[in-house]
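Here are some exercises to help you find your way around a new structure. Try each task on your own before you read the solution.

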Amino acid sequence: MGSNLALNIAASGFPLVVQNRTHARTEEFLADAGPLEDKLAGAETPNQLVAALQPPRAIILMVPAGAPVDQQIAALAPLLSPGDMIIDAGNADFNDTRRRATELAEAGLVHVGMGVSGGAEGARHGPSIMVGTTPEAWQAIRPMVNAIAARFRGDPCADRLGGDGAGHFVKTVHNGIEYADMQLIAEVWGLLRDGNGAAPAEAGRLFGEWNKGPLSSYLVEITATVLGTEDPASGRPMVELILDRAGQKGTGRWTLIEALKLGQSATTIEAAVAARAVSAQRELRLEASTRFDAPGDGATPFDEDDLEAALLAAKIMAYAQGFILLAEARRAFDWDMKLSRVAEIWRAGCIIRSALLDGMAEALSGKGPAHDNLLLAPSFAKMVGRTVPALRRVVCQAATQGLPVPALSAALGYFDGIRQARGTADLIQAQRDFFGEHGFERIDRDGQHHGPW
Ligand SMILES: NC(=O)c1ccc[n+]([C@@H]2O[C@H](COP(=O)([O-])OP(=O)(O)OC[C@H]3O[C@@H](n4cnc5c(N)ncnc54)[C@H](OP(=O)(O)O)[C@@H]3O)[C@@H](O)[C@H]2O)c1
């Protein structure tokens, strides 16, 4: 990511000095820079790097989250001058970013938390960039950031979304939505494979068709390509040869932790993170598969139009939960973040870019809580009303056939929860009062009350 970002910056006309822990990699990188070599210089140590730059300096870190970032900051900070800037362009827990911003400010230095999405290709040719820092620091780095970012109809997919940890928070939620989106697609692939007996190439063609409609997105597009790809050695579909054990680096988990701390529901994302955990427990799955029979009702194939609509409905729920979480974080941390701007800068460059985001930017552009909830925006309410019946049919059929659809089910559960005017928390409150004397509100009188238990 770091080398691709450096090449992007150089190609955009900004000279830079690069330094890496293993210097041999810096040498390799510079040797391969080709026509961009004029814009690039190498340094062997943090001291050399700082000495090669004129104040006010801007130093971009692109290393794994956690201790490596703290180690780099500890090595650089004593060498820097007041007003110099450290930009953490990796993924970071936004709590760390907030701490680092405070610590560096005390030393007269500026911290920028900059979430970058788009994978290696995006980093090289135009990622989506989510920045958290002071307005002054943003003004200083804005020309460079805008120049390297992806563009959607000419508009750079980059912006400052608030102070300190705002950029890394938005990037974390972006990744949480990415987890959900990928899991929903994988569940539909499972229904096609195990419910309909579709071969990968056949399923890939269907995803390719769906990519021409409202589901049009980077993830659906690459799904079509991946499912249609064969292993060159064996000629078998590549996906059939890949072990079904998913990795994760933490951003999905961070999204959930912050959602829970902020009292928000992120159940579609939670289902996706948990499904990766279950996927990793392969020994357990192998053992359980020999002990419990499938329900055996596998005769009815899933309707392909229903699957497309179900995927669309569930995807909207995942985005809706993500945006509500952002709205709550904006309130809790006093960030001047516009949700519509977040949707705008996700329209190109990032992994969750999709045709829906333009409409989301429009739907989220109003003021007030109702406009923070996609499901209440007329255009999305209409889309959800049209597609939820299919989601319901798909989830029911999957349950009957014993096919796992945790994220599709979570999306449906969330929808049914929010559209129920009278919920079942009356009983929860009664139980809490019964065993813990927690009290409850009544519908017919003000104040706190206890039951006659
Ligand atoms: N990969 C993606 O698609 C992607 C997308 C968005 C964001 N990110 C984020 O970008 C950051 C970098 O990811 P990556 O995929 O480029 O990782 P990577 O390929 O593992 O590269 C890690 C880099 O960090 C250096 N490094 C590792 N530990 C270090 C330490 N303790 N001190 C100093 N340098 C250290 C490595 O140096 P050596 O060469 O010496 O090992 C290498 O240059 C991460 O925060 C990641 O979450 C990645």
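**Exercise 1.** Decide whether Asp334 counts as buried or exposed in this predicted model.

*Solution.* Begin with the cut-off: a residue is exposed if its relative accessible area is over 50%. Asp334 has 71% relative accessibility, so it counts as exposed. Next, place it along the chain: Asp334 sits in the loop between α14 and α15 (339-345). Finally, look at its backbone: phi of Asp334 is near 60°, which is a positive value in a residue other than glycine. As background, most residues other than glycine have a negative phi.

**Exercise 2.** Work out where Arg153 lies and whether it counts as buried or exposed.

*Solution.* Start with the neighbours: Arg153 belongs to the loop between β7 (151-152) and β8 (155-156). Its relative accessibility is 68%, so Arg153 counts as exposed. Its phi is positive, near 45°, in a residue other than glycine.

**Exercise 3.** Find which residues are joined by a cis peptide bond.

*Solution.* The bond links Pro55 and Pro56, with omega at about -5°. Pro56 is in the loop between α3 (46-51) and β3. For context, most peptide bonds are trans.

**Exercise 4.** Lay out the order of the strands in the five-stranded open sheet, and say which ones stand at the edges.

*Solution.* Write down the order: β3-β4-β5-β6-β9, with mixed pairing. Each of β3 (58-61) and β9 (158-160) has a single partner strand, so one side of each is left without a neighbour in the sheet; these are the edges. On average, neighbouring strands of this sheet are turned by 20° against each other, direction ignored.

Now take one edge at a time. β3 runs parallel to β4 and is joined to it by four bridges, with Ile60 opposite Ile87 of β4. The side chains of β3 alternate: Ile59 and Leu61 point to one face and are buried, whereas Ala58 and Ile60 point to the other and are not. At the other edge, β9 pairs with β6 (residues 128-132) in the parallel sense over three bridges. There, Met130 has Asp159 in β9 as its bridge partner.

**Exercise 5.** Say which strands helix α8 (residues 166-195) touches where it packs on the sheet.

*Solution.* Helix α8 touches β4, β5 and β6, and its direction makes about 20° with that of β5. Helix α5 (residues 94-106) lies across β4 (85-88) and β5 (110-117), running at about 150° to β5.

**Exercise 6.** Find which helices the buried residues of α18 (residues 406-418) pack against.

*Solution.* List the buried residues; among them are Ala407, Leu408, Tyr414 and Phe415. These buried residues of α18 pack against α8, α12 (267-280), α14 (304-333) and α17 (378-401). Then turn to α12, whose buried residues include Ile269, Val273 and Arg276. Their cover includes α8, α11 (251-261), α13 (282-291), α14 and α18.

**Exercise 7.** Name the residues that come nearest to the ligand.

*Solution.* Of the 17 residues around the ligand, the nearest are Asn20, Arg21, Thr22, Arg25 and Asn91. Next, go through some atom pairs. An N or O atom in the side chain of Arg21 is 3.0 Å from an oxygen atom of the ligand. A backbone N or O atom of Met1 lies 3.1 Å from a ligand oxygen atom. For Gln72, an N or O atom of the side chain is 3.5 Å from a nitrogen atom of the ligand.

Key: Residues are numbered from 1 along each chain as its sequence is written. This is a predicted model: local features need pLDDT of at least 70, side-chain atom pairs count only at pLDDT 80 or more; totals for chains, interfaces and linings use all residues. Side-chain values use heavy atoms; hydrogens and water are left out. Two strands pair if DSSP finds at least two bridges between them. Helices (H or I, at least four residues) and strands (E, at least two) are DSSP runs, numbered from the N terminus. Axes are lines fitted to C-alpha atoms, for helices over the stretch in contact, and angles run from 0 to 180 degrees between N-to-C directions. Contact means heavy atoms within 4.5 Å. The expected span of a helix is 1.5 Å times one less than its number of residues. Buried means under 20% relative accessible area, exposed over 50%, partly exposed in between (1.4 Å probe, protein chains only). A residue is near a molecule or strand if one of its heavy atoms lies within 4 Å of it. A polar contact is a pair of N or O atoms within 3.5 Å; within protein, one must be able to donate a hydrogen and the other to accept it, and residues adjacent in sequence count only if both atoms are side-chain atoms.
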